[in-house]
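Me: I am new to this structure and would be grateful for a close look at a single part, the place where the ligand sits. Please take me through the surroundings of that ligand in one connected account.

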Amino acid sequence: MVRTLWIYLGAMTFALGCKSNSTATDEIIIGEYGSMTGSEAVFGQSTHNGLSMAIDEVNAAGGLKGKKIRLVSYDDQGKTSEVGTAVTRLITSDHVHAIVGEVSSSLSIAGGQICQRHGVPMVTPSSTNPKVTEVGDYVFRICYIDPFQGYVMAKFVTDPQGPSGLGLKRVAILVDQRQAYSQGLSRDFETALIKAGGNVVVKSSYQGGDQDFSAQLTQIKGANPEAIYIPGYYTDVANIAKQVRGIGIAQSVPLLGGDGWESVQEIGGPAIDGAYYSNHFAPEDTHAEVQSFVTKYKAKYGKTPDSLAALGYDAGMLLREAIQRAPSLDRAAIRDAIAATRDFQGVTGKTSLDEHRNARKPAVVLRINAAAKTATYMTTIAP
Ligand code: PHE
């Protein structure tokens, strides 16, 4: 079992960093950086649970290339300013063979630049902004990208025949100006919405961490939208949802979002009931590998895995498969092996990495049931 001690890098003692200067050959070291605390803590914690589970399983089965895998994880608190310290430390003090992280696209771009500079392969399980893998040839992702995710919700909201039966055209957008993810996804959604015959009646913005959204929501109400698309992260989305109805926007105007909503149903209260969001994974999926993962995860952590846990697990298992194939443990050889990944079967579907180091996978759309604090599977939309 991987034991976890969240290390606050700012206050880190010296002893932790004093390891040998060369990459250890008796073990394989995987680094992880993520938001284990802060307003996106679910992102880091769930990913860590999934990744740890994968590594525990590999070690229990005898390890990899005759060696055990050791996971070194640092908390970046969801802050760009912490990412540099965390990733640099993984590379120069811990001498990792490869890195898993981040969830948030802005932080993956920051961390990816450091990995690229040092020639250390990085796999983000869940960052969806196209710019992340554009950083360079050492940066990979195992999930879909936002132009597809934007298309998914545009199709879902406009389609009168689809499972939502919504058939809505006039949509307001509320963007988090601080996040590359939110800005990119809002543009991708808008492009797809217009193609689908809809239009954006108003676009307003906030900054992650804001508490008062009355100005934006008053503006949105004035534009009389049929739906509101909020491509943000779950803590902000919960705060926004709580203010939406108070401002007098009718319950019949659905709220829509993307994967950044993951876990919002746990904190959004009644305000978030009936909202829809696109995601990477649904635990109800009846495929055998999904059900076996859900059962194992519940036994280990006492809760149902979310998409971040599923992607974290897949990132660990995909790295195992790639490192197994690599002719040596050189970082360049591991990079090449990851790049050659084709038809890797994980719990979030099959992953093949294309020449841009991205994956193409279907998305699911979920509907929030606030009373049960769950999100129910509605449909799967293929790329
Ligand atoms: N896709 C989001 C981003 O790129 C991160 C995310 C993925 C959040 C999955 C929740 C679930 O920033």
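Reply: A polar contact is a pair of N or O atoms within 3.5 Å. With that cut-off in mind, one may turn to the ligand in this predicted model. The ligand is surrounded by 15 residues, and the closest of them are S105, S126, T128, Y233 and D259.

Three of these residues may be taken in turn. In D259, an N or O atom of the side chain lies 2.7 Å from a nitrogen atom of the ligand. T128 also contributes its side chain, a polar atom of which is 2.8 Å from a ligand nitrogen. For S126, by contrast, the partner is a polar backbone atom, placed 3.0 Å from a nitrogen atom of the ligand. The protein buries 100% of the 330 Å² that the ligand exposes when taken alone.

One of the closest residues, S105, leads on to the neighbouring elements, as helix α3 spans residues 105-118. The buried residues of helix α2 pack against α3, and also against β1, β2, β3 and α11. Those buried residues are E82, V83, A86, V87, R89, L90 and I91. Helix α2 itself runs over residues 80-92 and reaches 19 Å from its first C-alpha to its last, close to the 18 Å expected.

A last point concerns the cysteines. The structure holds zero disulfides. C115 is buried, at 0% relative accessibility, and C143 is buried as well, at 1%. The closest cysteine sulfur to that of C115 is in C143, but no bond joins them because the distance of 16 Å is too far.

Definitions and conventions
Residues numbered from 1 in each chain as written. Predicted model: local features only at pLDDT ≥ 70, side-chain atom pairs only at ≥ 80, totals over all residues. Heavy atoms only, no water. Helix = DSSP H or I, 4+ residues; strand = E, 2+ residues; numbered from the N terminus. Expected span 1.5 Å × (residues − 1). Buried < 20%, exposed > 50% of the residue type's maximum accessible area, 1.4 Å probe, protein only. Contact = heavy atoms within 4.5 Å. Near = heavy atom within 4 Å. Polar contact = N/O pair within 3.5 Å; in protein donor to acceptor, adjacent residues only side chain to side chain. Areas by Shrake-Rupley, 256 points an atom, 1.4 Å probe, with all protein chains shown as cover. Disulfide = S-S within 2.5 Å.
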